[in-house]
Amino acid sequence: MNIVLLGAPASGKGTQAEMLSKKFNLYHLQTGGIARELAKKDERIKEIVDSGKLVPENEMSMYVMDLLKDEKPEMKDILFEGFPRFISQYEALERFLKNKGDDIDAVISLEISKEEVVRRISSRVICSKCGEVFNLVTNPPKEKGVCDKCGGELIQRDDDKPESVEERFEYYKNNTEKLMEYLDSHKKLERVDGNRPIDVIFEDLSKFIETLK
Ligand SMILES: [Zn+2]
């Protein structure tokens, strides 16, 4: 079974991907992790990752295919997170899987509004001393503006300010729009409302995946 999970930043896709791969015993293939690993050895990729941009689409396809070619036993059933994002990547993956008699069984999009993304991310603060992360809505510090752990000052990262969050959201949308349209026209896209609580979404996704078995 191969499943693709798409979602904007702060859509909760990372959390869902982790929970789902545990429950259904899927290999969690996360391109964010691949890019960060590559960035350690490659200055050019480090710059791309640090600026919040994507590794060029063909290049990322190549890295993913390389990984899949190993055919590790634990990679029999895979949950893809963050890949494919473009039609070219989707087709490359589909071609690769079909060659070995496999397929992409479903693509799930965790849909979330821009307002909700801004609300989630801009309520995030970080300790300027120890780096501990708090969320003013879901995980507030005991004392306003002060770190529970070390007493350091809590600040908001520039990246988490509403303007940058909106920019990242638009970047995601512009980059996946064509793939979404393509999948819709092939009736391959399962859209799930990501504005709801984690456990409610998890239940929905689990039910859907059960139907694929
Ligand atoms: Zn601290």
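Student: Which atoms are the protein donors of the zinc ion?

Tutor: Four sulfurs: Cys127 (SG), Cys130 (SG), Cys147 (SG) and Cys150 (SG). They lie 2.3 to 2.4 Å from the zinc ion. A donor is an N, O or S atom within 2.8 Å of the metal (3.2 Å for Na, K and Ca). The cysteine sulfurs meet that cut-off, so they count as donors. Keep in mind that this is a predicted model, where local features need pLDDT of at least 70 and side-chain atom pairs pLDDT 80 or more, while totals for chains, interfaces and linings use all residues. Residues are numbered from 1 along each chain as its sequence is written, and side-chain values use heavy atoms, without hydrogens or water.

Student: Why is the site of the zinc ion called tetrahedral?

Tutor: Look at the angles. The 4 donor atoms make angles of 101 to 115 degrees. Four donors count as tetrahedral if all angles lie between 85 and 135 degrees. The zinc angles fall inside that range, so the site is tetrahedral. For comparison, the ideal angle for four tetrahedral donors is 109.5 degrees.

Student: How are the donors of the zinc ion spaced along the chain?

Tutor: The spacing is C-x2-C-x16-C-x2-C. Cys130 and Cys150 link distant parts of the chain, 20 residues apart. Cys130 is in the loop between E5 and strand E6 (133-135), and Cys150 is in the loop between E6 and E7. Strands here are DSSP runs of at least two residues (E), helices runs of at least four (H or I), numbered from the N terminus.

Student: What makes Cys130 partly exposed?

Tutor: Its relative accessible area is 40%. Buried means under 20%, exposed over 50%, and partly exposed in between (1.4 Å probe, protein chains only). The 40% of Cys130 sits between those limits, so Cys130 is partly exposed. Cys150 is partly exposed too, at 33%.

Student: Why is Phe134 called buried?

Tutor: Its relative accessible area is 5%, under the 20% limit, so Phe134 is buried. Phe134 is found in strand E6. Among the residues it touches, beyond four places away in sequence, are Arg124, Cys147 and Leu154. Touching, or contact, means heavy atoms within 4.5 Å.

Student: What does UniProt list for Phe134?

Tutor: The unreviewed entry lists Phe134 under "binding site", along with others including Lys13, Thr15, Arg124 and Arg196. Such annotations may be inferred rather than shown by experiment. Of the listed residues, the lining of the largest pocket includes Ala10, Ser11, Gly12, Lys13, Gly14, Thr15, Arg124 and Arg196. A pocket is an open set of points on a 1 Å grid where a 1.4 Å probe fits, with protein on both sides within 12 Å along at least five of seven lines; lining residues have an atom within 4 Å of a point.

Student: How do you know that the other "binding site" set, with Thr31 and Arg168 in it, does not all gather at one spot?

Tutor: UniProt's unreviewed entry places that set at twelve positions running from Thr31 to Arg168 in the list, Gly82, Gln89 and Arg157 among them. They span 138 residues in sequence, and the farthest two C-alpha atoms are 32.1 Å apart, so they do not all gather at one spot. The lining of the largest pocket still includes Thr31, Gly82, Gln89, Arg157 and Arg168, among others of the set.

Student: Is Gln89 buried or exposed?

Tutor: Buried, at 2% relative accessible area. Gln89 is found in helix H5. Beyond its neighbours within four places, Gln89 is in contact with Glu57, Met60, Ser61, Phe83 and Pro84.

Student: What makes the pairing of Gln89 with Glu57 a polar contact?

Tutor: A polar atom of the Gln89 side chain lies 2.9 Å from the backbone oxygen of Glu57. A polar contact is a pair of N or O atoms within 3.5 Å, one able to donate a hydrogen and the other to accept it. The 2.9 Å separation is within that cut-off.

Student: Where are Gly82 and Arg157 placed?

Tutor: Gly82 is in the loop between strand E3 (78-81) and helix H5 (87-99). Gly82 is buried, at 12%, and touches Leu5 and Thr31 beyond four places in sequence. Arg157 is in the loop between strand E7 (154-155) and H7. Arg157 is partly exposed, at 36%, and touches Arg124 and Ile126 with the same sequence filter.

Note on methods. Four donors count as tetrahedral if all angles lie between 85 and 135 degrees; four count as square planar and six as octahedral if opposite donors are over 155 degrees apart and all others between 65 and 115; anything else is irregular.
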